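User: Hi! Could you walk me through the strands in this one? I'd like to know who sits beside whom.
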Amino acid sequence: MRLDKFLCQQLGISRNLITREFRAGRVTVDDKVIKSASYKLSPEEVVAYEGNILKQIIGPRYYMLHKPEGYICSTDDPTHPTILYFIDEPMAEKLHSAGRLDMDTTGLVLLTDDGQWSHRITAPKHHCEKTYLVSLDSPIADNVANKFAEGVMLNGEKQPTRPATLEILEPTRVRLTISEGRYHQVKRMFAAVGNHVVGLHRERIGSIMLDDELAPGEYRPLTEDEINSIHIPS
């Protein structure tokens, strides 16, 4: 990576201003003053600005977060708190969520700076499965599982939903697995059969399960197996 690009990312200032910092001798690499903005930075070199070491970020990053209620999945919002509040990582603002949850929905959120990887989760053609625990206002009707397995028409849509799997845990508590991501889909599916969602929690994306050891607001890096489990179906 060019040194000026690295510094722009780290310091959040334009390349024109970075050029001024080079001229002033404020940038060092391995304790040597560098005045060339086009200097090619290697991963093992140590960069400092005004004597403060700037950590290099090597390669794409992947995390799972146990999202609590009351936060949105956008990375920047002037009025609502975002999930980046919980992410204590360099340049956290470069991360994005691979599939969003509503403010009142809790559970598994995957964050990354790898656009291709997240596209495999969110692109409709890949049919990546997501599993939710759903709390309902009224007891679930006996025929809903069959209706969801066949696909239901949502208000304002021209095509029925793809087949979904419904597991009844209690009269007002179910587990639903879908393989698409329409707008407010889970809530709209239950509305289509005359029920109302009062609580929604995502447990799984693809084969990645929310870690039971993560409390709401906690996160961890994904394992290699978890990262590699997201692939384009053949």
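Analyst: Happy to. This is a predicted model. A good place to begin is strand S8, which pairs with strand S11 (residues 197-205) in the antiparallel sense over seven bridges.

User: Which residue in S11 does Lys-130 stand opposite?

Analyst: That would be Ile-205.

User: Does S8 have another neighbour? What about S10, how many bridges are there?

Analyst: There are six bridges between S8 and S10 (residues 173-178), and the pairing is antiparallel. As one example, Ser-135 has Arg-173 in S10 as its bridge partner.

User: Why is S8 described as largely enclosed?

Analyst: Six of the seven residues in S8 (residues 130-136) are buried, so the rest of the structure largely encloses this strand.

User: Switching topic: is S7 mostly covered or open?

Analyst: Mostly covered. S7 spans residues 106-112, and seven of its seven residues are buried.

User: Nice. Which way does S7 run relative to S11, parallel or antiparallel?

Analyst: Parallel, with two bridges between S7 and S11. Thr-106 stands opposite His-201 in S11 there.

User: And how many bridges does S7 make with S5?

Analyst: Six, in the antiparallel sense, with S5 covering residues 62-67. Leu-65 has Val-109 in S7 as its bridge partner.

User: Where does S6 come in?

Analyst: Strand S6 (residues 96-97) is joined to S7 by two bridges, and these strands run antiparallel. His-96 is partnered with Thr-112 in S7.

User: Great, so what's the quick recap for S11?

Analyst: S11 pairs antiparallel with S8 and parallel with S7.

Terms used: Residues are numbered from 1 along each chain as its sequence is written. This is a predicted model: local features need pLDDT of at least 70, side-chain atom pairs count only at pLDDT 80 or more; totals for chains, interfaces and linings use all residues. Side-chain values use heavy atoms; hydrogens and water are left out. Buried means under 20% relative accessible area, exposed over 50%, partly exposed in between (1.4 Å probe, protein chains only). Helices (H or I, at least four residues) and strands (E, at least two) are DSSP runs, numbered from the N terminus. Two strands pair if DSSP finds at least two bridges between them.
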